[in-house]
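Open the structure in your viewer and keep the selection tool at hand. This tour tells you what to select next and what to look for.

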Amino acid sequence: MEHYYQPEIECASREEIVAIQNERLLRQVQHVWNDVPYYRKKMEDAGVTPDDIKSIDDLHKLPFLSKDDLRESYPYGMLGVPMQEAIRIQSTSGTTGKRVVAFYNQHDIDLWEDCCARAIMAAGGTNEDVCQVSYGYGLFTGGPGLNGGSHRVGCLTIPTSSGNTDRQIMFIRDLNATILCCTPSYAAYIGECMQEMGLGPDDIPLKAGIFGAEAWSEEMRQDIQKTLGIKAYDIYGLTELSGPGVSFECSAQKGMHVNEDHFIAEIVDPETGEVLPEGSIGELVFTAIDKEAFPMIRYRTHDICSLTREKCSCGRTHVRMTRLMGRSDDMLIIRGVNVFPSQIETVLLNYGYPANYQIIVDRVGTTDSFEVRVEMTPEMFTDNLGEITERQKELVKGLNSMLGLTAVVTLVAPKTIERSEGKAVRVIDRRKFF
């Protein structure tokens, strides 16, 4: 049976959603015009005033916000409420050392926790569940967001944060945790550690996992589901838009429903900024229509995906975004070919390798060198060089057919690629572009 946290909104008709969006967008545009001088100037430079925005059909007239704007306006330039009303910040690393600092008033925290509660219930969570939150706490939004969502649903919440994997497994078993929230790469690592302890899916009570904060492939999902014996759900968010819970997967596992009563999603051409027709693949842009302390309008995420309004079997009516296909900025261009780390991950998992790999790109003379270092599983690990050479050749072929590029593949011993409790470091690009 499908569980909803706020069924009247999650299953609202398109007309009802559009009515909410129109009302909230108009109010938000007036709010930034009055209260955020930085964005007002951007509107003035673009020749737009609040009177030009009559409905969501006029959204495209408003100027974009980017990470550069957040860097320029750091720290208080995008604050939309008086300081004494703001009660919290969360923060994420920016593009060049200056951090992105996002502000919240109580209203913003309430709506964020509602969004995370929707995600937990979409993963089957109820007040009878025990939810272990193994995302980082502190400035990172993962821990605080799902912690708050778990409280809203009424789950017993275990705020383990990330790391100390033995203790994570102990709590899962001793406290009967049924839902695990963490990054996909950390979930895979917990599974690996369990196997080393001789534990299988039947030895743990988990039934669902909510995994986000990094792009992951369908193959990695299947892998985690098998190792942990759970159903693995994707969740998406950005600190700039509050954090996880901007969109989330339902039981259909066919894309993430965007919480459209709070966020309007657009897909634009990453080069021109032109809004693309529905179903097109492009860069995701979000407008937070009712966040007060940090009101992001047309924020460019750099995430590449597409949107669909096809009817979903779960009964939710909000638009779905596909899983991320990469980023318009971490997309690697190697010898003129666009390469996304997720494509490489797909090949590795198809050949039975764990998702522990590193892509190392360098420039030798005028040519790009392209190496993929891949960890072997303990079963594969051998000192038979002939066997390793054969395996490397097989992967070179597999990668070539996926990417149209020849990579140097280096197989390494299990556990030799550094583990991360947060986002895995997949790409080392040593080329000097700047």
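The stops below run through a predicted model.

**Stop 1: a three-stranded sheet**

Select residues 263-268 and 299-305. These are β10 and β12, the edge strands, and each pairs on one side only. Now add residues 282-288, which make up strand β11. The three strands form an open sheet in the order β10-β11-β12, with antiparallel pairing. What holds such strands together? Strands of a sheet pair through backbone hydrogen bonds, either parallel or antiparallel.

Look along the sheet for its twist. The twist averages 30° from one strand to the next. Then zoom in on β10 and β11, which pair over 6 bridges. Pick Ile264 and look across: Thr287 in β11 stands opposite.

**Stop 2: helix α8**

Select residues 184-196. This is helix α8, with 13 residues. Use the distance tool on its end C-alpha atoms. They are 19 Å apart. At 1.5 Å a residue, the helix should span 18 Å, so the two values agree.

Is α8 mostly covered or mostly open? It is mostly covered: 10 of its 13 residues are buried. Colour the buried ones, among them Tyr186, Tyr189, Ile190 and Met194. Pro184 and Ser185 are on that list too, as are Gly191 and Glu192.

Next, show what lies over them. The cover includes two helices, α7 (165-174) and α9 (218-228). It also includes the strands β5 (179-182) and β6 (208-211). Finish here with Gly198, which follows α8 and has a positive phi, near 80°.

**Stop 3: the cysteines**

Stay in this region and show the cysteine sulfurs. A disulfide is a covalent bond between the sulfur atoms of two cysteines. How many disulfides are there? The count comes to 0. Cys182 is in no disulfide, and its nearest cysteine sulfur, that of Cys181, is 7.7 Å away. Cys182 is also buried, at 0% relative accessible area.

Now pick Cys193, one of the buried residues of α8. Why is there no bond from Cys193? The closest cysteine sulfur, in Cys182, is 12 Å from its own, which is too far for a bond. Cys193 has a relative accessible area of 8%, so this residue counts as buried.

**Stop 4: a buried serine**

Select residues 243-249. This is strand β8, and Ser247 lies in it. Is Ser247 buried or exposed? Ser247 is buried, with a relative accessible area of 0%.

Show what touches this serine, leaving aside neighbours within four places in sequence. Ser247 is in contact with Ile235 and Tyr236. Met256, His257 and Val258 are contacts as well. Add Met321 to complete the set.

**Stop 5: aromatic rings**

Show the aromatic side chains. The count comes to 8 aromatic pairs. One of them is Tyr135 with Phe140, a tilted pair, 6.3 Å centre to centre with 50° between the planes. Turn on the surface to compare their exposure. Tyr135 counts as buried, at 3% relative accessibility. Phe140 is partly exposed, with a relative accessible area of 29%.

Then select Tyr76, Phe103 and Phe294. These residues form one aromatic cluster.

**Stop 6: helix α10**

Select residues 341-350. This is helix α10, and 8 of its 10 residues are buried. They include Ile344, Val347, Leu348 and Leu349. Pro341, Ser342, Glu345 and Thr346 are buried too.

The buried residues of α10 pack against the helices α9 and α11 (385-403). They also pack against the strands β16 (337-339), β17 (357-364), β18 (367-375) and β20 (427-429). After α10 comes Gly352, with a positive phi, near 85°.

**Stop 7: a four-stranded sheet**

Keep α10 visible and show the sheet. Its 4 strands form an open sheet in the order β19-β18-β17-β20, and the pairing is mixed. The edge strands are β19 (408-412) and β20, and each pairs on one side only. The twist averages 20° from one strand to the next.

Zoom in on β17 and β18. They pair in the antiparallel sense over 8 bridges. Pick Val361 and find Phe370 in β18, which stands opposite.

Last, see which helices pack on this sheet. α10 touches β17, β18 and β20, and its direction makes about 125° with that of β17. α11 touches β18 and β19, and its direction makes about 135° with that of β19.

Notes: Residues are numbered from 1 along each chain as its sequence is written. This is a predicted model: local features need pLDDT of at least 70, side-chain atom pairs count only at pLDDT 80 or more; totals for chains, interfaces and linings use all residues. Side-chain values use heavy atoms; hydrogens and water are left out. Two strands pair if DSSP finds at least two bridges between them. Axes are lines fitted to C-alpha atoms, for helices over the stretch in contact, and angles run from 0 to 180 degrees between N-to-C directions. The expected span of a helix is 1.5 Å times one less than its number of residues. Buried means under 20% relative accessible area, exposed over 50%, partly exposed in between (1.4 Å probe, protein chains only). Contact means heavy atoms within 4.5 Å. A disulfide is a pair of cysteine sulfur atoms within 2.5 Å. Rings of Phe, Tyr and Trp (its six-membered ring) pair if their centres lie within 6.5 Å; planes under 30 degrees apart count as stacked, over 60 as edge-to-face and the rest as tilted.
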